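User: I am new to this structure and would like a close look at one part of it, with enough of the surroundings to see where that part sits. Please take your time over the answer.

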Amino acid sequence: MSRTVLEYRFPDGALLALVQGDLTEVQLEAIVNAANPQLQHGGGLAGAIARRGGKSIQRESNAWVREHGPARFDRPAITGAGDLPCRAVIHAVGPIWGEGDEDRKLAVAVQSSLALASQRGFSSLGMPAISTGVYGFPVQRAAPIVLEAIAAFFAASPNSPVRHVEVTLFDGPTLAVFEDAFRARFTTVNPPGAAPGRP
């Protein structure tokens, strides 16, 4: 069961929410998977998405790599969602901590995922804490980058069909870091239910 922690309504009406929950269960049009370049979904969030979505996600991922080559931080992949409640999975490749230029690559990975969702006409998107798992990106550093990248996307893309983004996190410690970053970035945050209804 997901729980909305904070919401922020942008001036153009787009909504950003911080949610504690399971990304594989959210009922949005698309979700973002924290993937590796070869789209081999073995463990972590990727493994959970592949298990709950069914074998079609890995089959489509393999086909995507055969056709396009490895996914990159600036070129996410997209597949169907199999048995998941969403319509599609966008596979974002964040940076490995220590490879260099990590901050920029993480911001681009977030914005590229939003851009792909926009191109496909999706109105809502669930986003994880990209790169903060096995890739080792410190959560305290990643949280403001992820939130700023989403804000920058909305500022630069007022006509995007994407109107609702949920940063969906499962574990409490990561959520707490993102909550602090959310309050620091968005000075007029609303508790759940205080903002106007979802688009």
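Against which elements do the buried residues of α2 pack?

Analyst: This is a predicted model, and in it the buried residues of α2 pack against α1, β4 and β5. The residues of α2 that are buried are Ser56, Ile57, Gln58, Ser61, Trp64 and Val65. The length of the helix can be checked as well: α2 has 14 residues, which at 1.5 Å a residue should span 20 Å, and because its end C-alpha atoms are 20 Å apart, the two values agree. After α2 comes glycine 69, which has a positive phi, near 85°.

To place these neighbours, it helps to turn to the sheet. Its 7 strands form an open sheet with mixed pairing, and their order is β1-β2-β7-β6-β3-β5-β4. At the edges are β1, residues 3–9, and β4, residues 77–80, each of which pairs on one side only. From one strand to the next, the twist averages 25°. Within this sheet, strand β3 (residues 30–34) pairs with strand β6 (residues 124–127) in the parallel sense, over 2 bridges, and alanine 30 has leucine 125 in β6 as its bridge partner. Helix α1, made of residues 44–53, packs on the sheet by touching β3 and β5 (88–92), and its direction makes about 135° with that of β3. Helix α2, residues 55–68, also packs on the sheet, where it touches β4 and β5, and its direction makes about 145° with that of β4.

Two loops that follow strands of this sheet deserve a careful look at their backbone. Most residues other than glycine have a negative phi. Leucine 39, in the loop between β3 and α1, has instead a positive phi, near 55°, and this leucine counts as buried because its relative accessibility is 0%, where the cut-off for buried is under 20%. Serine 131, in the loop between β6 and α4 (139–156), is not a glycine either, yet its phi is positive at about 75°. With a relative accessible area of 5%, serine 131 is likewise buried.

At the other edge of the sheet, the aromatic rings complete the picture. The whole structure holds 7 aromatic pairs. One of them joins tyrosine 8 and phenylalanine 186, which are stacked, with 4.6 Å from centre to centre and 25° between the planes. Since tyrosine 8 belongs to strand β1 and phenylalanine 186 to the segment after α5 (172–185), this pair ties together parts that are 178 residues apart in sequence. Tyrosine 8 and phenylalanine 186 are both buried. Another pair is that of phenylalanine 10 and phenylalanine 154, whose ring centres are 4.9 Å apart and whose planes stand at 45°, so the pair is tilted. Because phenylalanine 10 lies in the loop between β1 and β2 (15–20) while phenylalanine 154 lies in helix α4, parts that are 144 residues apart in sequence are tied together by this pair. Phenylalanine 10 is buried, its relative accessible area being 9%, and phenylalanine 154 also counts as buried, at 3% relative accessibility. Ring pairs link these four residues, together with Phe153 and Phe182, into a cluster.

Key: Residues numbered from 1 in each chain as written. Predicted model: local features only at pLDDT ≥ 70, side-chain atom pairs only at ≥ 80, totals over all residues. Heavy atoms only, no water. Pairing = 2+ DSSP bridges. Helix = DSSP H or I, 4+ residues; strand = E, 2+ residues; numbered from the N terminus. Axes fitted to C-alpha atoms, helices over the stretch in contact; angles between N-to-C directions. Contact = heavy atoms within 4.5 Å. Buried < 20%, exposed > 50% of the residue type's maximum accessible area, 1.4 Å probe, protein only. Expected span 1.5 Å × (residues − 1). Phe/Tyr/Trp six-rings, centres within 6.5 Å; stacked < 30°, edge-to-face > 60°.
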